[in-house]
There are 2 protein chains.
Amino acid sequence: MHADGPDETQEREEPLRGIGAVAAQTGVSERTLRYYEEIGLLTPRDHSPGGMRRYCSEDIARVRRIRELQTLMGFNLEEIRRVIAAESRLSSLRADFRASSDSEHQREVLDEALQALDELRDAARSKIAALQGFLADLDERFARHRRRLEELQAVHDAEAKNEQET
Amino acid sequence: MHADGPDETQEREEPLRGIGAVAAQTGVSERTLRYYEEIGLLTPRDHSPGGMRRYCSEDIARVRRIRELQTLMGFNLEEIRRVIAAESRLSSLRADFRASSDSEHQREVLDEALQALDELRDAARSKIAALQGFLADLDERFARHRRRLEELQAVHDAEAKNEQET
DNA sequence: CCTCTGGTTTACGTCAACGTAAGACTATCG
DNA sequence: CGATAGTCTTACGTTGACGTAAACCAGAGG
């Protein structure tokens, strides 16, 4: 355990970004980031002595995750908060793993989070299934109407040819 | 073309429903139906002499379509309005088909609507693709964490067995 | 005709998810 | 050290998609 640096924990002095940089990288507005913090969805890793938000790359990943859950799953921020909560309990368990004295509680938390993850998988699967049905219907109708267009086109061409020949 | 009934057009005197029945059948509120009408998304087939809305089954299908586009594609009502517009142009063309004198214009309209339909297909496909990626990631993470849980369970069982043996 | 039940218009309310603006403070660079 | 760009908090505004309430009308049944 010889000192390798001033840090006790293994944070490899990750570059922390200001709110503007994060907004630019994720495509959301600064207001949105502050709003996420306001409702307890995303708290920046830490703050500068002057009080400015400093985000780490994990925070950025979380912003992307939030947008993903919004656009793909159509969740509102409250539902997303629950998903995120389960997911971060999973990765926080990852941190302890060996350190925890109470493996009973460990297993219970893990099991709960797993269940939440599984429900999310179910939701995703049924959404995919529904969309595939939706698409199949679209495909059929598209093909049908395209044939109609081709018929009209054929009639038109035939008429044009007729006119040419006279 | 002997008269079979009082109607000239072939409307087989479809049963028209009031707004309450439609709301019940589709699961949306009466307010929502009136709102859809207000923004030009769904106009009931006709009205009773007293001014009450009378919906036909096609109207009901449209309500379902609207909800589908909302929940599956995540469209807002303005986007949905465009999709519906293209789709109903297609079925109105179906009605004329032979009756129209201007086949030039016919083809143009059909082509445009087909293009809109194709864009919708593209959107659906890319949404499905994105969701499949999303799900694959979920599956992987789920499996990983389930293995972790099983490990913990194994350790726990072993400890229990040890205790039993002492 | 009267009474329900269902429907109509008009209009204000609500909620999520931000947008926008003001005024003060912080960080960085020359 | 001053200028400039970035960020802070506070607070009110906006937009879509309806909810809700009031007061008045319509249609069917006894």
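**Notebook: protein chains A and B against DNA strands C and D**

I began at DNA strand D, where a phosphate oxygen is 2.5 Å from an N or O atom in the side chain of Ser29(B). I log such pairs as polar contacts (N or O atoms within 3.5 Å; within protein, one must be able to donate a hydrogen and the other to accept it, and residues adjacent in sequence count only if both atoms are side-chain atoms).

Before going on, I note that this is a predicted model, in which local features need pLDDT of at least 70 and side-chain atom pairs count only at pLDDT 80 or more, while totals for chains, interfaces and linings use all residues. Residues are numbered from 1 along each chain as its sequence is written, chains are lettered from A in the order in which they are written, and side-chain values use heavy atoms, without hydrogens or water.

**Strand D**

I looked up two further contacts. A polar side-chain atom of Arg53(A) lies 2.7 Å from a phosphate oxygen of DNA strand D. Arg31(B) instead places a polar side-chain atom 3.1 Å from a base oxygen of that strand.

I then listed the residues near DNA strand D (a heavy atom within 4 Å of it). There are 21, and Met52(A), Arg53(A), Ser29(B), Thr32(B) and Asn76(B) come nearest. Sugar and phosphate make up 74% of the strand D atoms within 4 Å of the protein. Among helices (DSSP runs of H or I, at least four residues, numbered from the N terminus), α2(B) gives the most to this surface, with four residues.

**Strand C**

I repeated the search for DNA strand C. Again 21 residues surround the strand, the closest being Ser29(A), Thr32(A), Asn76(A), Met52(B) and Arg53(B). Phosphate oxygens of strand C lie 3.0 Å from a polar side-chain atom of Ser48(A) and 3.1 Å from one of Gln70(A). Gly20(B) uses a backbone N or O atom, 3.2 Å from a phosphate oxygen. I found 73% of the strand C atoms within 4 Å of the protein in sugar or phosphate, and the rest in bases.

Helices α2 (30–38) and α3 (57–71) of chain A, with α1 (19–26) and α2 (30–38) of chain B, each supply at least two residues here. α2(A) gives the most, four residues.

**Symmetry**

I superposed chain A on chain B (least squares on C-alpha atoms of residues with pLDDT of at least 70 in both). The operation is a rotation of 180° with 0.0 Å of shift along its axis, at RMSD 0.1 Å. The two copies are therefore related as by a two-fold rotation axis. In chain A, the C-alpha of Ile128(A) is nearest the axis, 3.1 Å from it.
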